[in-house]
Amino acid sequence: MAVPAARLETKAALGGARPRDGLARILGPDYRLGYLFVTPIAVAVLALVAYPFCYAVYLSLTHKLVGLPPVFVGLENYIRLYEDGFFRRAVYNSFLFTFGSVGFKLVLGMLMALVLMSKIRWRSFWTGVLLIPWVAPTVVSALIFLWIFDGSLGVLNYLLVKVFR
């Protein structure tokens, strides 16, 4: 089968009939430009999260006093923590509180969902009662801002009028 000359020239100009790799096919032709945009925030995250974390791990392996250089002690600090009864009790209490509160919130959330979805008497009333904790902070914030910027009695409005007059 004969291939038209124009098609042969196009293949030669493109460097052959190489299929596009998967990433370029999915993300488009400018996918490498994305790395340029992501690099500054990746560096910022590494600088603000990874470096302090690694430094904290390093400090946990040393005995450091203010004004003196750190002395490397290895896992001695962790062994002392493991042998300390107060620390083990604090870890136990933390896990107990965490799992207890998560379990309680899960059961409470399921009960609330059942109330919202069931066909019970006064369903609209119970829906309103259950949504009050979700709506109340927004309403309180709106009222506070209304009072702050009130035309006659608002504190911030009064200060802004005095400054910019």
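**Exercises on helices H3, H5 and H6**

A kink of about 35° lies at Val-38 in H3, shortly before the proline Pro-40; the bend is the angle between axes fitted to the seven residues ending at a residue and the seven starting there. This is a predicted model, where local features need pLDDT of at least 70 and side-chain atom pairs count only at pLDDT 80 or more, while totals for chains, interfaces and linings use all residues. Residues are numbered from 1 along each chain as its sequence is written, and side-chain values use heavy atoms, without hydrogens and water.

**Exercise 1.** Check the span of helix H3.

*Solution.* Start with its 30 residues, 31–60. The expected span is 1.5 Å times one less than that number, so H3 should span 44 Å. Then compare: the end C-alpha atoms are 41 Å apart, which agrees.

**Exercise 2.** Which residues make the contact of H5 and H6?

*Solution.* First, place the helices: H5 (residues 85–117) and H6 (residues 123–148) pack at about 145°, their axes 9 Å apart. Next, list the contact (heavy atoms within 4.5 Å): H5 gives Met-112, Val-115, Leu-116 and Met-117, and H6 gives Arg-123, Trp-126, Thr-127 and Leu-130.

**Exercise 3.** Classify the pair of Phe-95 and Phe-99.

*Solution.* Rings pair if their centres lie within 6.5 Å, and planes under 30 degrees apart count as stacked, over 60 as edge-to-face and the rest as tilted. Here the centres are 6.0 Å apart with 15° between the planes, giving a stacked pair. Both residues lie in H5, four residues apart.

Definitions and conventions
Axes fitted to C-alpha atoms, helices over the stretch in contact; angles between N-to-C directions. Helix = DSSP H or I, 4+ residues; strand = E, 2+ residues; numbered from the N terminus.
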